[in-house]
Amino acid sequence: MSPTDVKQTIAISSTDTLQKYIGTVATDIGSARIKAVQAQASGANGSVKIYDATDATTASTLVFEAKWGIEADESFTFYLPQNGIRCKTAMHAVLSNCDFLVVTFD
């Protein structure tokens, strides 16, 4: 993949399936590779879990988990090396004490 293939999800502020815009229509993201994760805590112990699923049904579909911050408004950015994390089905994010989440993917 070339660097121009990288896209960004629509920012979310609560647990949801990650989406992108196709034209002006928000559409669930199917198969993709997570390249970077950016979030901001709304309180101590901000937490993000990303599942390779359309919902957070089982621990076996958990592909990424991060916890950070001791107070509100602390940011979190994590870049994944090389090919990133592959999600074959979708990307469903579960947020806790988190103002927003944005995922960069290809």
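Accessible areas here come from the Shrake-Rupley method with a 1.4 Å probe. On that basis the chain exposes about 5900 Å². Carbon and sulfur atoms supply 48% of this area. The model is predicted.

The chain holds 11 strands and 0 helices. From the N terminus on, its elements run β-β-β-β-β-β-β-β-β-β-β. The radius of gyration is 13 Å, close to the 13 Å that the globule rule gives for 106 residues, so the chain is as compact as a globular protein of that length. Along the principal axes, the C-alpha atoms fill a box of roughly 35 × 30 × 30 Å. Of the 106 residues, 38% count as buried. Sequence-distant contacts were examined next. Among contacts between residues at least 6 apart in sequence, 75% join residues at least 24 apart.

The largest nonpolar core has 24 residues. Those with the most contacts inside this core are L18, I34, V48, I50, M91 and L101. Two or more core residues come from each of β5 (32-41), β6 (46-51), β7 (62-68), β9 (85-87), β10 (92-96) and β11 (98-105). Strand β5 gives the largest share, 5 residues. The surroundings of I50 illustrate the packing. Residues up to four places away in sequence are not counted in what follows. I50 touches I34 and V37. The list for I50 also includes T61, L62, V63 and F64. M91, H92, A93 and V103 complete the set of residues that I50 touches.

A39 is found in strand β5. A relative accessibility of 1% places A39 among the buried residues, because buried means under 20%. Leaving aside neighbours within four places in sequence, A39 is in contact with V48, W68, E74, S75, F76, C98, F100 and L101. Two of these partners, V48 and L101, are among the residues with the most contacts inside the largest nonpolar core. The C-alpha atoms of A39 and F78 are separated by 9.2 Å. These two residues are 39 residues apart along the chain.

A search of the whole structure finds 2 aromatic pairs. F64 and F78 form a tilted pair, 5.9 Å centre to centre, with 45° between the planes. F64 lies in strand β7 and F78 in strand β8 (residues 75-79), so the pair ties together parts that are 14 residues apart in sequence. The two rings differ in burial. F64 counts as buried, at 7% relative accessibility. F78 counts as partly exposed, at 35%. The other pair, W68 and F76, is stacked. Its centres lie 5.0 Å apart, and its planes are 25° apart. Both W68 and F76 are buried. W68 and F76 are also among the residues in contact with A39.

Two threonines were then considered. T17 lies in strand β2 (residues 16-17). T17 counts as buried, at 9% relative accessibility. A polar atom of the T17 side chain lies 2.9 Å from the backbone oxygen of T54. The T17 side chain also makes a polar contact with the side chain of H92, at 3.0 Å. Not counting residues up to four places away in sequence, T17 touches D28, T54, A90, M91 and H92. M91 and H92 appear among the residues that I50 touches as well.

T15 lies in the loop between β1 (7-8) and β2. T15 is partly exposed, with a relative accessible area of 38%. Not counting residues up to four places away in sequence, T15 touches H92, A93, V94 and L95. The T15 side chain reaches the backbone nitrogen of L95 at 3.2 Å. H92 is thus touched by T15, by T17 and by I50. The C-alpha atoms of T15 and S60 are separated by 18 Å. T15 and S60 are 45 residues apart along the chain.

Conventions: Residues are numbered from 1 along each chain as its sequence is written. This is a predicted model: local features need pLDDT of at least 70, side-chain atom pairs count only at pLDDT 80 or more; totals for chains, interfaces and linings use all residues. Side-chain values use heavy atoms; hydrogens and water are left out. A nonpolar core is a set of buried Ala, Val, Leu, Ile, Met, Phe, Trp, Tyr and Cys residues joined through side-chain atoms within 4.5 Å. Buried means under 20% relative accessible area, exposed over 50%, partly exposed in between (1.4 Å probe, protein chains only). Helices (H or I, at least four residues) and strands (E, at least two) are DSSP runs, numbered from the N terminus. Contact means heavy atoms within 4.5 Å. Rings of Phe, Tyr and Trp (its six-membered ring) pair if their centres lie within 6.5 Å; planes under 30 degrees apart count as stacked, over 60 as edge-to-face and the rest as tilted. The radius of gyration is taken over C-alpha atoms; the globule rule is 2.2 Å times the number of residues to the power 0.38. A polar contact is a pair of N or O atoms within 3.5 Å; within protein, one must be able to donate a hydrogen and the other to accept it, and residues adjacent in sequence count only if both atoms are side-chain atoms.
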